[in-house]
Amino acid sequence: MLYYCINTRDMEYGGGQVQIHVSTDNGTAIYLQIVNQIKYLVASGRLAAGEELPAIRVLAERLVVNPNTVARAYRELEQQGIVEKRRTAGTFVSDQGSPLARRERVKILTARIDLLLAEARQMDISIEEVNKLVEQRHSALQSTGSSEEKDR
Amino acid sequence: MISSIEANRSCVVDVASVTRKFGDKIALDNLSLSIPRGIVFGLIGGNGAGKTTLIKHILGMYRAHAGTVHVFGRDPVADPVGVLGRIGYLSEDRDLPNWMRVGELMGYTEAFFPSWDRRFAEELCQQFELDKRTRVRHLSRGQRARAGLLVALAHRPDLLVLDEPSSGLDPVVRRDILGAIIRTIADEGRTVLFSSHLLDEVERVADQIAIIHHGRILLAGFMDEIKQQHSRVTVRMSGNSNTPPTFAGMLACEGSGPDWTCVCSGQEDQWRPTVEGVGAEIIEHSAMTLDEIFVARVRG
């Protein structure tokens, strides 16, 4: 199995490297993998508003995927308002003041909660107990001051 | 006749009802296939399925016993210059002249193609780390593939045909080959046809695919649609039934006891009612890789 990954750009974002991985062993369409990962990068703030995405051709060559697939991913992201095309060619991350970014963040969190709930169920821990645990951890983290308030 | 060619003007390759036999063995069985301009077309199939035979018809190296082949709207057997001048071809066995040096091979091939791009050829030579003084016979397997790729690409063909380009090569050379496919397609209007056993590669780079089996097309279409049209569904049979479910659209099924994993074709709203109709509870369903779809189709 060939496995390729790339840095979306050859420079660093805020100290952390941003990467996209494409794999053909889980059945998810490749364009969707690209869409999901860019959405994740944007929602998690690792791709900031106004940053330029790699050119279609460049990303296609680095990921070793069909350029039409990358173009489709970018179109999809554009339709969802995550990125925007600018006249001088180039695709840029949209201003994320929109409610959409929040919706994406909630979606990412929802997926994690689903995993948590599935695990809790398997361990025979009730939803009430899970809720209580979440509250407890929240206060514990707040009192140590190590967490930032999640934005509302 | 003219009208059918006119209708397929946007198709670079048009194979219509081609049958070809070798002795008693039917290699191509009433096979039809169209490849539109500007896409990467992946031809997949097992050994002896007919991939290479089909490619050789497209190149005019074989004459169809029945049916017609048109490439760029021309018959490749009747007009080899008009067709082959616009095709870059890397054969499965990379049959390059062993006695030539790489530089000689480049000069020799250049003579056949008016559109040969000398600068691009030099660029590829450097990129592939080929030494022009090396004789073709002394090239490693990977370097031989790269040399074959160089002479297939340097005249910037309208159609690039690669027969099993990756077979027996290490990942670095395979990446060069896939990179070449991607760069070729990124140039507006160029078309790529390649055959491969390595379905993860096909899944990465092909827009459209065809599965060929026993000389026939089992399945052809856009990669995305084909992937959407196949699901793996795990079901639990009601009661104590130990027999596998059977329903319309089921391609394959394996399992034991009450639990079975089936490969379904069609959209979810098509298979869901039929699966539930035979008294099976759907436990989970998931997307499939091209590899899995291929196995289910060929075995089914």
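Between which two helices of chain A does the loop that holds A:Asp124 lie? In this predicted model, A:Asp124 is found in the loop that runs between helix H4 (99-122) and helix H5 (127-144) of chain A. Although A:Asp124 is not a glycine, its phi is positive, at about 65 degrees. The relative accessible area of A:Asp124 is 69%, and the residue therefore counts as exposed, the cut-off being over 50%.

A second residue with a positive phi occurs in chain B, where B:Glu164, likewise not a glycine, has a value of about 45 degrees. B:Glu164 is placed in the loop between strand S6 (159-163) and H7 of chain B. Its surroundings are described by a relative accessibility of 3%, and because buried means under 20%, B:Glu164 is classed as buried.

Another loop residue of chain B, B:Gly50, is situated between strand S3 (40-44) and helix H2 (51-58). With a relative accessibility of 10%, B:Gly50 also falls under the 20% limit and so counts as buried. When neighbours within four places in sequence are set aside, the residues in contact with B:Gly50 are B:Ala27, B:Leu28 and B:Ile212. The C-alpha atom of B:Gly50 is separated by 7.1 Å from that of B:His213, a residue 163 places away along the chain.

Within chain A, the domain assignment distinguishes domain 1, covering residues 2-95, from domain 2, covering residues 98-151. The contact between these parts draws on 6 residues of domain 1 of chain A and 7 residues of domain 2 of chain A. About 550 Å² is buried between the two domains, and 59% of this area lies on carbon and sulfur atoms. On the side of domain 1 of chain A, the residues that lose the most area to domain 2 are A:Lys39, A:Tyr40 and A:Ala43, which together account for 65% of what that side buries. No salt bridge is found across this interface, the count being 0, while 1 residue pair is in polar contact, with both residues at pLDDT 80 or more. The residues of domain 1 of chain A that touch domain 2 comprise 3 nonpolar, 1 polar and 2 charged.

The interface of the two chains was examined in the same terms. Chain B contributes 23 residues to the contact and chain A contributes 24. The area buried between chain B and chain A is about 2000 Å², with 51% of it coming from carbon and sulfur atoms. In chain B, the residues that lose the most area to chain A are B:Arg175, B:Ile182 and B:Arg204, and their joint share is 38% of what the chain B side buries.

The count of salt bridges between chain B and chain A is 2, one of them joining the side chains of A:Glu61 and B:Arg183 with an N to O distance of 3.2 Å. In addition, 11 residue pairs are in polar contact across the interface of these chains, both members of each pair being at pLDDT 80 or more. On the side of chain B that touches chain A, the elements that give two or more residues are helix H7 (171-186), helix H8 (199-205) and helix H9 (223-228) of chain B. Of these, H7(B) supplies the largest share, with 8 residues. By residue class, the side of chain B that touches chain A divides into 10 nonpolar, 2 polar and 11 charged residues.

Methods: Residues are numbered from 1 along each chain as its sequence is written. Chains are lettered from A and ligands numbered from 1 in the order in which they are written. This is a predicted model: local features need pLDDT of at least 70, side-chain atom pairs count only at pLDDT 80 or more; totals for chains, interfaces and linings use all residues. Side-chain values use heavy atoms; hydrogens and water are left out. Domain bounds come from an automatic or database domain assignment. Contact means heavy atoms within 4.5 Å. Buried area is the accessible area (1.4 Å probe) that two parts lose on being put together, summed over both. A salt bridge is a side-chain nitrogen of Lys or Arg within 4 Å of a carboxyl oxygen of Asp or Glu. A polar contact is a pair of N or O atoms within 3.5 Å; within protein, one must be able to donate a hydrogen and the other to accept it, and residues adjacent in sequence count only if both atoms are side-chain atoms. Ala, Val, Leu, Ile, Met, Phe, Trp, Tyr, Cys and Pro count as nonpolar, Asp, Glu, Lys and Arg as charged, and the others, Gly among them, as polar. Helices (H or I, at least four residues) and strands (E, at least two) are DSSP runs, numbered from the N terminus. Buried means under 20% relative accessible area, exposed over 50%, partly exposed in between (1.4 Å probe, protein chains only).
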